[in-house]
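Work through the exercises below with the model open. Each task is followed by a stepwise solution.

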Amino acid sequence: MRIGVKQTCAVVIGALILVLIAALVCLDDGDDDGSDRPLVNEDYLSSGSFDIKDEHTGSWIHGTLFFYDMGDHLDATAIVRFRIESGDPAAILYTNTMAFSVPFMDVAYPEDYEGNRVQCDNIAHELVGTRIYIYGYGEGTAIIELQSTRLLERGADQVTFRAGAGDEFHDFTFDLPEWGS
Amino acid sequence: MKNHVKILVALVVLIIVVASVGYIVHVRNEYERQQLHVVNTVIDEDLLNSADFYMKDEVSGTEMVGTLFLYGRGGYEVVVAIDFDIAPGDSAGIQIALPQEFRLKSIVTNYHEDVHENPGSDVVIVEDGSSSGIEISCTDGEMTDVGGKGAALIKLVPSEQLGDAGGFDFEFAAGHHSETVRIAVPEV
């Protein structure tokens, strides 16, 4: 019985030491996050780009997607430049699956346009995914922050997006290196 | 015989319990799947102003197009989105001089990710006293400037230098062609 108590004490002390070490490591990480050191390609995994032009209307979009390995999921940032000639909405990006949602996006669109310029639907009940539309005329730039959902299998080796300008729509499939390990 | 019945009943009860738990877990997972995309996209949060720019070095052919996004988040923050095409042999590449009111928080670029194992090796952070800047270029093993297309997303946060003077001036260079791009702070 006395040996059992000693063993228990040893395990508890060992656990306390481990917790202390873990806390110190976490504190160190916190200091790094707050430092002035610039981060270059932090968590960067891969990228892909796409170009679409509607020859009839003259509308076009050009986009680059940066994918980040966050361990249990993927983050992505899309830089999308576009020109809308027709006055029709440009569907600058959407996913046919529910693999990604869009928590944030910013649009630089200097042309004057009355009304709602940007529409982003993160559709839940119809299971069709996220769709982003830009309305109006002229050129602009959008920065779109995406985050994968649990429907993107961890370690998935491909992701597919659809983009469109005017009446032209195309699917773009990007290969992903190994991630989530 | 009585014991056999008891065992049988216990087995049936066990199977029912396991099946019920499995069904409940399945229903819950399906419910969570349905809820995954109930996300309200935040659009243009704290976005104060934006400025587009385009420049080209007519000699080398190196060119760059970009947009500055200015945010008001306590202090001012800036995001720079650029697409560029560096001409082969152009050792100058892309250069950005930051206003002293800002420091570099992060940069991500896909420039020549196929050439180096670490694509960040093509990015040089320049620190010169109170000013700082970014250079993007790529050389091969023989130190030849290979050129090529790329994109970059650059995030800047306030430095210790305060003040805005109505706007901020950024010095961009594509090859040996440089221009000052000003982003104004809108009046409230």
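Helices (H or I, at least four residues) and strands (E, at least two) are DSSP runs, numbered from the N terminus. The model is predicted.

**Exercise 1. Describe the make-up of chain A.**

Step 1. Count the elements: chain A has 1 helix and 11 strands.
Step 2. Put them in order. From the N terminus, the run is α-β-β-β-β-β-β-β-β-β-β-β.
Step 3. Add burial. Chain A holds 181 residues, and 44% of them are buried.

**Exercise 2. Place B:Val13 and classify its exposure.**

Step 1. Locate the residue: B:Val13 sits in helix H1 of chain B, residues 2-35.
Step 2. Take its relative accessible area, which is 45%.
Step 3. Apply the cut-offs: buried is under 20%, exposed is over 50%, and partly exposed lies in between. B:Val13 is therefore partly exposed.
Step 4. Look at the surroundings. B:Val13 belongs to a nonpolar surface patch with B:Val5, B:Val9, B:Val17, B:Val21 and B:Val25. Together these residues have about 470 Å² of accessible area.

**Exercise 3. Characterise the largest pocket.**

Step 1. Take the volume: the largest pocket has about 830 Å³ of space.
Step 2. List the lining. It has 32 residues, and those nearest the centre are A:Thr77, A:Glu145, B:Lys105, B:Ser106 and B:Lys155.
Step 3. Trace the strands. Chain A supplies at least two lining residues from each of E4 (74-84), E6 (100-108) and E9 (138-148). Chain B does so from each of E3 (63-73), E4 (75-86), E6 (102-109) and E9 (148-158).
Step 4. Sort by class: 18 nonpolar, 4 polar and 10 charged.

**Exercise 4. Do the same for the second largest pocket.**

Step 1. Take the volume: about 570 Å³ of space lies in the second largest pocket.
Step 2. List the lining. Of its 26 residues, A:His62, A:Arg81, B:Val65, B:Asp83 and B:Phe84 are closest to the centre.
Step 3. Trace the strands. E2 (44-53), E3 (60-69), E4 and E9 of chain A each give at least two lining residues. So do E2 (47-56), E3, E4 and E9 of chain B.
Step 4. Sort by class: 8 nonpolar, 10 polar and 8 charged.

**Exercise 5. Place B:Ile43, classify it and relate it to B:His177.**

Step 1. Locate the residue: B:Ile43 is in strand E1 of chain B, residues 42-43.
Step 2. Classify it. Its relative accessibility is 31%, so B:Ile43 counts as partly exposed.
Step 3. Take the separation. B:Ile43 and B:His177 are 134 residues apart along the chain, and their C-alpha atoms are separated by 34 Å.

Notes
Residues are numbered from 1 along each chain as its sequence is written. Chains are lettered from A and ligands numbered from 1 in the order in which they are written. This is a predicted model: local features need pLDDT of at least 70, side-chain atom pairs count only at pLDDT 80 or more; totals for chains, interfaces and linings use all residues. Side-chain values use heavy atoms; hydrogens and water are left out. Patches are made of residues with over 30% relative accessible area and no salt bridge: like charges are joined within 9 Å, nonpolar side chains (Val, Leu, Ile, Met, Phe, Trp, Tyr) within 5 Å. Accessible areas come from the Shrake-Rupley method with a 1.4 Å probe; for residues, only the protein chains shown count as cover. A salt bridge is a side-chain nitrogen of Lys or Arg within 4 Å of a carboxyl oxygen of Asp or Glu. Buried means under 20% relative accessible area, exposed over 50%, partly exposed in between (1.4 Å probe, protein chains only). On a 1 Å grid over the protein atoms alone, a cavity is a set of points where a 1.4 Å probe fits but cannot get out, and a pocket is an open set with protein on both sides within 12 Å along at least five of seven lines; lining residues have an atom within 4 Å of a point. Grid points are joined across faces, edges and corners, and a volume is the space filled by probe spheres set on the points. Ala, Val, Leu, Ile, Met, Phe, Trp, Tyr, Cys and Pro count as nonpolar, Asp, Glu, Lys and Arg as charged, and the others, Gly among them, as polar.
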